[in-house]
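The following note sets out points for a colleague who is examining the model. Each point may be checked against the coordinates displayed here.

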Amino acid sequence: MMSIEPRPRLTVAMIVRDEAEVIAESIESVRCIADEIVVLDTGSVDDTAEVAVHLGATVRHADWENDFAAARNRLLRDVTGDWILWLDAGERLVPESAKHLRAFVDEGDADRRIAGWIMVEMPPREPGRAGEQAARVRLMPNRGDLHFEGRVRETLRPSIESAGLSIVMAPGRILRHRREHDPARRAKKANRDLELAMLEQGPGDTLPPRALLAMGDAATVLEDWPLARQSFSEAVRTAVRGSTEMLEGYYGLLATFAAGSGEEDERLALGLEALEVYPFDAPLLCAMGGFLQERNRTDLAVRAFETAVNFGRVDLETWHPTDLADTAVLCLSAAYQLQGRMDEARHTLDECLQKRPDSHRARRGLVELLVREGRTVEALRVAERLPMPRQDREPFRNAVRGACRAVRGEWTAALGYLQSAYVAGCHDPICLRGLAQALLASGQTEGIEPILRQWESATPGNPEVARYFEALRTWAAPCPSNDGNATAWVRIDPATTVVAVGPMHMPIVSQVSSMG
């Protein structure tokens, strides 16, 4: 008879302390695929251990030694599975990816010469914004020659390379807890990170690039910009040229330049320096496009965005927006609009939707472009596939109809549609912008300020809103006319708009409790 090999055993491993509020969700997300769950408690004073035991986990206890690698290596001695999946407290395995990850382990057990990256996703800071993601080595075979290094940003990489293992992308997806955005929690973890990084100093007060990056991330959270810049600069200088660590150093450095700081030339030079090493890195290209746009070099900005869209690549181990491809497309389309190249702007969005029909951001961008051109029928057709509750569809369609009429200067008809949409609960930026435009152009300035405030809240940092506020102030301050009478007049050109193309947010997120 043919013998049936037992399937490989999968252990889920976690290091925790005072995580009673979130550990249940983490354990529940992996119970369906784990043969064993082992938790190392490093000194909880709450019910963390009790909750874990109640859910079937094995709990071990150890003193905290200011060393994440030591804690993980301590836990490695207690696991019995053939494969180990690492989770941090508060993280959860996305349900639809669990069975695929389990199948990957079962089918790949014959090859013990691989470790697995798993994509870890950070939820967005605000509703309607994109989250960030990065690949992390979270799946490893249980082998005696694999161990972690580093008190902070601990890593398996050196031992993986020494053992001759390859790293492949595993099909799971891990979602971090929203509490990672809590300012008090971030500050507490950043202070701890600084302490751990300093403990890694070697001969001559040197720090490895990994620790320098941890220090730079922590200083960024704490807004200690001199320390952040010093740490990231040293990381760039000491990291292997072309490595992920050098790229992260450049990301961190660029994030230390505040808007309007008077250091625009230095920031631009640094971005060009980074692109010499990483000429096709999509986040760098998008950031450079934004920097050039700020300098009114739209021609060069277009080239940067075009390169990002057509040839851009992403180092998956760096934190980057989950919708980076859509961001590059939208930036390129907006830059084309600023140059008056409307056909190319539409073609860019159309081409994106042909490749990714479910790209809601690109579809939304195309609707807004068509509205700005007053193309009602086309805008309504494209908008049909935007996701929204059924009861919101007709108010949104009325907002599109009204906004298109406002662009054409048909103010009475525009106000009818837009006010109907607004009263029905449509506070979409398309409605708010069109309503503000129509009210101001019609001289109905009473009550316009709350609408501008809503528009400002929906699109933070939008320079067009600021222009409308300025127009409203100008309207409110009568100016003498030629005949000596006081009058107020603001010209509203419906075909004129401001397209906001700012520097892309660099993906610098403090990840002080995770591997690598």
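1. In this predicted model, strand S2 (residues 36-41) pairs with strand S3 (residues 58-61) in the parallel sense, over four bridges. Within this pairing, Leu40 stands opposite Arg60 of S3. The connection from S2 to S3 runs through helix H2 (residues 48-54), and the resulting β-α-β crossover is right-handed.

2. As regards the overall fold, the chain contains 21 helices and eleven strands. Its C-alpha trace spans about 95 × 60 × 45 Å along the principal axes. The chain has 516 residues, of which 52% count as buried.

3. How many salt bridges does a search of the whole structure find? The search returns 45. As a general matter, side chains of opposite charge can pair when their charged atoms come close. Three of these contacts are taken up in the points below, together with a network.

4. Glu19 and Arg179 form a salt bridge in which the closest N and O atoms are 2.9 Å apart. This pair links distant parts of the chain, 160 residues apart: Glu19 lies in the loop between strand S1 (10-16) and helix H1 (23-28), and Arg179 in the loop between strand S8 (166-175) and helix H6 (183-198). Glu19 counts as buried at 12% relative accessibility, and Arg179 is buried with a relative accessible area of 18%.

5. A salt bridge also joins the side chains of Glu91 and Arg176, at 3.0 Å from N to O. Glu91 belongs to the loop between strand S4 (83-86) and strand S5 (92-93), and Arg176 to the loop between S8 and H6, so the contact ties together parts that are 85 residues apart in sequence. Glu91 counts as buried at 2% relative accessibility; Arg176 is buried as well, with a relative accessible area of 5%. Both residues belong to a network of salt bridges that links Arg72, Asp88, Glu91, Arg138, Glu154 and Arg176.

6. The side chains of Arg157 and Glu317 meet in a salt bridge of 2.7 Å, N to O. Here too the pair links distant parts of the chain: Arg157 is in helix H5 (residues 157-162), Glu317 is in the loop between helix H12 (298-311) and strand S9 (320-321), and the two are 160 residues apart. Arg157 is partly exposed, its relative accessible area being 30%.

7. The second largest pocket has a volume of about 680 Å³. Which residues of its lining are closest to the centre? Of the 26 lining residues, they are Arg17, Glu19, Arg185, Lys189 and Arg192. Glu19 is thus also the residue that forms the salt bridge with Arg179. The elements that give two or more residues to this lining are S1, helix H3 (68-76) and H6. H6 gives the most, with four residues.

8. The structure holds zero disulfides. Cys286 is in none, and the nearest cysteine sulfur, that of Cys331, is 5.3 Å away. A disulfide requires the two sulfur atoms to be within 2.5 Å, so Cys286 and Cys331 do not qualify. Cys286 is buried, with a relative accessible area of 1%. Cys404 is likewise in no disulfide, and the nearest cysteine sulfur, that of Cys431, is 12 Å away. Cys404 is buried, with a relative accessible area of 0%.

9. Two backbone conformations merit inspection. In general, most residues other than glycine have a negative phi. Glu223, although not a glycine, has a positive phi of about 60°. Glu223 is found in the loop between helix H7 (209-221) and helix H8 (225-238), and at 58% relative accessibility Glu223 counts as exposed. Asn296 is not a glycine either, and has a positive phi of about 60°. Asn296 lies in the loop between helix H11 (282-294) and H12, and is exposed with a relative accessible area of 65%.

10. A final point concerns Leu275, which lies in helix H10 (residues 264-277). Leu275 is buried, with a relative accessible area of 15%. Leu275 and Leu247 are 28 residues apart in sequence, and their C-alpha atoms are 9.8 Å apart in space.

Methods
Residues are numbered from 1 along each chain as its sequence is written. This is a predicted model: local features need pLDDT of at least 70, side-chain atom pairs count only at pLDDT 80 or more; totals for chains, interfaces and linings use all residues. Side-chain values use heavy atoms; hydrogens and water are left out. Buried means under 20% relative accessible area, exposed over 50%, partly exposed in between (1.4 Å probe, protein chains only). A salt bridge is a side-chain nitrogen of Lys or Arg within 4 Å of a carboxyl oxygen of Asp or Glu. Two strands pair if DSSP finds at least two bridges between them. A crossover is right-handed if, with the strands pointing away from the viewer, the path from the first strand over the helix to the second runs clockwise. On a 1 Å grid over the protein atoms alone, a cavity is a set of points where a 1.4 Å probe fits but cannot get out, and a pocket is an open set with protein on both sides within 12 Å along at least five of seven lines; lining residues have an atom within 4 Å of a point. Grid points are joined across faces, edges and corners, and a volume is the space filled by probe spheres set on the points.
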